[in-house]
Amino acid sequence: MESLEDEDRKIDYLKGGVEMILVLMGPPGCGKGTQAKKLEAKLGIPQLSTGDMLRIAVKNGTEVGRKAKKYMEEGQLVPDEIIIDVMRERLVQKDCNKGFILDGFPRTVPQGEALNKLLDEVGKKITDVINIDVADQEVIERISGRRQCVKCGATYHIVFSPSKGDHCDKCDGDVVQRGDDKEETVKERLSVYRKQTAPLIFFYRELGLLKEIEGIGDIEEIFSRICSLIKKDECCGKAS
Ligand code: AP5
């Protein structure tokens with residue numbers, strides 16, 4: 001088994017200019033956002049979370065936010081065409097030059113097809129798709145204890161990863177429960193996941209991109225599992 005130091009060396013290698021496009025998949029609350037933020041810090045490429053983007057749009061009352069609000073409150077997916085338009089603009093921004101980590105997108109097979117097309121147009125390819133598998137009961141436990149900073153979006157858990165005080169450790173913002181984290185809405189989100197998002201597992205398996213990990217364990221342990229899956233020789237064939 002590789003040590004954490006080996007993994008660190010691997011990640012340092014990746015930081016040396018190799019482009020990476022990672023997709024993190026899994027049910028609501030499996031830890032996509034938590035792991036994406038850690039990967040962002042480690043790899044120096046941005047986390048693109050459609051959930052965070054939509055929450056900001058709702059807060060700012062933009063047109064996208066107004067359209068998305070009721071779907072999010074009900075635990076339904078926002079229509080594909082809205083999300084694809086948002087991502088079409090986001091993926092070509094300068095900070096995505098060296099790659100990016102997709103967290104919560106794609107979420108349907110049509111979104112997966114649209115992503116492939118958008119990347120084809122700019123001559124890029126997905127490096128790895130990592131599916132984090134967590135059972136429903138654990139999801140409910142994680143989501144019911146989740147708290148998020150209203151200012152910077154940092155995520156905490158009242159038991160597994162608490163903030164040091166009543167406010168955010170990073171920016172001192174208020175730390176609150178998300179509106180769609182009520183138990184009934186979480187159950188609906190899980191059902192939507194099974195029907196609309198789980199088919200993407202087969203989609204990416206067929207494309208030979210899928211890597212699966214068990215999402216049970218502490219946050220550092222899961223991070224180390226993900227790091228060990230990201231191999232330099234798989235980075236768009238550019239590393240040698
Ligand atoms: P989004 O924000 O993407 O929600 P989600 O996919 O349901 O995922 P979550 O943010 O709930 O969970 P996560 O997997 O990131 O887990 P986290 O790291 O926070 O989307 C929200 C809504 O926006 C959707 O319902 C939809 O309406 C809309 N939307 C977004 N993208 C869309 C798209 N592409 N198409 C259409 N609609 C879209 O962890 C959860 C908790 O567990 C935290 O408290 C954390 O501290 C804790 N935790 C993490 N890892 C561990 C661990 N290993 N052990 C113990 N606790 C842990």
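This is a short chat about a predicted model, covering its small sheet, a helix pair and the surroundings of its ligand.

Visitor: Let's start with the sheet; in what order do the strands run?
Guide: Three strands form an open sheet in the order β6-β5-β7, and the pairing is antiparallel. The edge strands, each pairing on one side only, are β6 (155-157) and β7 (175-176).

Visitor: And how many bridges are there between β5 and β7?
Guide: Strand β5, which covers residues 146-149, pairs with β7 in the antiparallel sense over two bridges.

Visitor: Which residue in β7 is the bridge partner of Q148?
Guide: The bridge partner of Q148 in β7 is V176.

Visitor: Switching to helices, at what angle do α3 and α4 pack?
Guide: They pack at an angle of about 115 degrees, and their axes are 8 Å apart. Because angles of 65 to 115 degrees count as roughly perpendicular, α3 is described as roughly perpendicular to α4.

Visitor: Which residues make that contact?
Guide: On the α3 side the contact is made by L54, A57, V58 and N60, while α4 contributes V64, G65, A68, K69 and M72. By class, the contact of α3 with α4 has six nonpolar, two polar and one charged residues.

Visitor: Now the ligand: which residues come nearest?
Guide: Of the 37 residues around the ligand, P28, G33, G51, G104 and R146 come nearest.

Visitor: Which elements supply at least two residues of the shell?
Guide: Among them are α2 (32-43), α3 (50-60) and α4 (63-74), and also α7 (136-144), β6 and α10 (219-229).

Visitor: How do the shell residues divide by class?
Guide: The shell around the ligand divides into 14 nonpolar, 16 polar and seven charged residues.

Terms used: Residues numbered from 1 in each chain as written. Predicted model: local features only at pLDDT ≥ 70, side-chain atom pairs only at ≥ 80, totals over all residues. Pairing = 2+ DSSP bridges. Helix = DSSP H or I, 4+ residues; strand = E, 2+ residues; numbered from the N terminus. Near = placed C-beta within 6 Å. Nonpolar A, V, L, I, M, F, W, Y, C, P; charged D, E, K, R; others polar. Axes fitted to C-alpha atoms, helices over the stretch in contact; angles between N-to-C directions. Parallel < 35°, antiparallel > 145°, perpendicular 65-115°, else oblique. Contact = placed C-beta atoms within 7 Å.
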